[in-house]
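Trainee: Please give me a close look at one part of this model. I would like to follow the loops and what they lead to, residue by residue.

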Amino acid sequence: MGRGVILNYREFLPCTDATPVINLGEGDTPLVASVSLGGQLGCGELYFKLEGCNPTGSFKDRGMVFAVAKAIESGSKAIICASTGNTSASAAAYGARCGLDVIVIVPEGKIARGKFAQAIAYGANIVNIQGNFDDALKIVLALCEKHPVSLVNSINPFRIEGQKTASFEIIDVLGDAPDYLFIPVGNAGNITAYWKGFVEYHRAGKSTKKPRMMGFEAEGAAPIVKGYPVKEPKTVASAIRIGNPASWKSAVSAAAESGGLIDCVTDDEILESYQLLSTREGIFGEPASAASLAGLIKMKNTGMDFSGKKVVCVITGTGLKDPETALANSRSIINVPGDLASVEKALGWG
Ligand code: F0G
């Protein structure tokens, strides 16, 4: 534990002798068995992959550690990304650790508070733009053409390489691949990475099968499902508020090759799953993360049968990233004077 993904999976990564080993303790995240929802949904076994347990609270750290290592290997002194929040938090952390300049371009006011706080805390240069993630990514790509700075968005293949280690971990823990993997889709890098990981581990004889890849966009930001870019993507799940995903094609291939699909879930479905996860399983994921469970519930309701199947839902980031959404959904807060009698009365015990 705590060795980080570069040391853990070095033989599966394009490392050279000059690739530095960077480690903030990313990877080795828990694969936790469901105690409630799996049974209700008729799953043989249901697991949650808790990517919020990574050092900056999301799966991005797996890819960022490797992208930063390769940037340093190539002599880079600065990294840059566009982000809906988590990529910027992760880039800021690994950049700080390695003494690199970090530039993050983010859509003003569209980033969950916790993520913004992280980018500030780690000392990144933050540029807010009046526009959305897709605008920010375009600007970042143009900047990389003109200036000596390394791109660390998931268009960078080393991000995908690092992120594929999550599939390795699932197989290492279960002893084989699951039957289904449910995963949120935004810029579509992560579903691409997971599929690459499952294919490579299968080829290496580490699993007997590969899972069906079940990707879920948010309905108001569902370009892949619609088949065309969405100009003004809208969803409560700010992490996946993306209208023109960079890894569009590879996400479609992952779904097709695996016998899976890419579909979408509504904000209501996302928020319902977000609350089910925390209140029924004790797992506090951020809203985008709940798209995986919302997808599973949707598929169950459309008649899919998961009996006897092993199902994994990827919980991509911690709920602490987005306190506003949690607080907006607060139900039973009671305000009373600070004495025993008042508290007992409020609890119905007085
Ligand atoms: N879940 C969370 C918590 C995310 O932050 C993201 C993406 C996704 C799911 C979707 O993953 O983009 O690989 O399909 N966040 C990016 C960011 C876009 O800037 O932090 P994807």
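Mentor: Start with alanine 237. It sits in the loop between helix H10 (223-226) and helix H11 (248-258). This is a predicted model, so read each value as computed from that prediction. Alanine 237 counts as buried because its relative accessibility is 0%, and the cut-off for buried is under 20%. Now look along the chain for its partner in space. Glutamate 286 is 49 residues away from alanine 237 in sequence, yet the two C-alpha atoms are separated by 7.9 Å.

Take lysine 164 next. You will find lysine 164 in the loop between H7 and helix H8 (165-174). Is lysine 164 buried or exposed? Lysine 164 has 1% relative accessibility, so it counts as buried. Its C-alpha lies 8.1 Å from that of glycine 63, with their positions 101 residues apart in sequence.

Step back to the loop that leads into H7. Two asparagines there deserve a look. Asparagine 156 lies in the loop between strand S6 (150-151) and helix H7 (157-163). Asparagine 153 is in the loop between S6 and H7 too. Asparagine 156 is counted as buried because its relative accessibility is 11%. Asparagine 153 is buried as well, since its relative accessible area is 2%. What does the side chain of asparagine 156 reach? It comes to 2.8 Å from the backbone nitrogen of phenylalanine 158. By its numbering, phenylalanine 158 falls within H7 (157-163). So the loop side chain touches the helix backbone in a polar contact, because an N or O pair within 3.5 Å counts as one. Asparagine 153 also gives you a long span to check. From its C-alpha to that of lysine 298 is 30 Å, over 145 residues of chain.

Leucine 276 is a helix residue. It belongs to helix H12 (residues 267-281). Leucine 276 is buried because its relative accessible area is 17%, under the 20% limit. Leucine 293 is 17 residues further along, and its C-alpha is 9.1 Å from the C-alpha of leucine 276.

Now compare two loop residues by backbone angle. Aspartate 28 is in the loop between helix H1 (5-8) and strand S1 (31-33). It is not a glycine, but its phi is positive, at about 55°. Aspartate 28 is partly exposed, because its relative accessible area is 26%. Alanine 188 also has a positive phi without being a glycine, and here the angle is about 75°. Alanine 188 lies in the loop between strand S7 (180-184) and H9. Unlike a partly exposed residue, alanine 188 is buried, because its relative accessible area is 4%.

Alanine 188 takes us to the ligand. The ligand is surrounded by 20 residues, and alanine 188 is among the closest, along with Ser83, Asn86, Asn187 and Thr316. What makes up this shell by class? Ten residues are polar, eight are nonpolar and two are charged. Two helices each give at least two residues to the shell: helix H4 (86-98) and helix H9 (189-203). The space that the ligand takes is the largest cavity.

Check the backbone contacts one at a time. A backbone N or O atom of threonine 84 is 2.8 Å from a ligand oxygen. Glycine 186 brings a polar backbone atom to 2.8 Å from an oxygen of the ligand. Asparagine 190 does so as well, again with a polar backbone atom and again at 2.8 Å. How much of the ligand does the protein cover? Alone, the ligand would expose 480 Å², and the protein buries 99% of that.

Put the loop and the ligand together. Alanine 188 is the buried loop residue before H9, and H9 itself supplies at least two residues of the shell. Asparagine 190, numbered within H9 (189-203), offers one of the backbone contacts to a ligand oxygen.

Notes: Residues are numbered from 1 along each chain as its sequence is written. This is a predicted model: local features need pLDDT of at least 70, side-chain atom pairs count only at pLDDT 80 or more; totals for chains, interfaces and linings use all residues. Side-chain values use heavy atoms; hydrogens and water are left out. A residue is near a molecule or strand if one of its heavy atoms lies within 4 Å of it. A polar contact is a pair of N or O atoms within 3.5 Å; within protein, one must be able to donate a hydrogen and the other to accept it, and residues adjacent in sequence count only if both atoms are side-chain atoms. Accessible areas come from the Shrake-Rupley method with a 1.4 Å probe; for residues, only the protein chains shown count as cover. On a 1 Å grid over the protein atoms alone, a cavity is a set of points where a 1.4 Å probe fits but cannot get out, and a pocket is an open set with protein on both sides within 12 Å along at least five of seven lines; lining residues have an atom within 4 Å of a point. A molecule sits in a cavity or pocket if more than half of its atoms lie within 2 Å of its grid points. Helices (H or I, at least four residues) and strands (E, at least two) are DSSP runs, numbered from the N terminus. Ala, Val, Leu, Ile, Met, Phe, Trp, Tyr, Cys and Pro count as nonpolar, Asp, Glu, Lys and Arg as charged, and the others, Gly among them, as polar. Buried means under 20% relative accessible area, exposed over 50%, partly exposed in between (1.4 Å probe, protein chains only).
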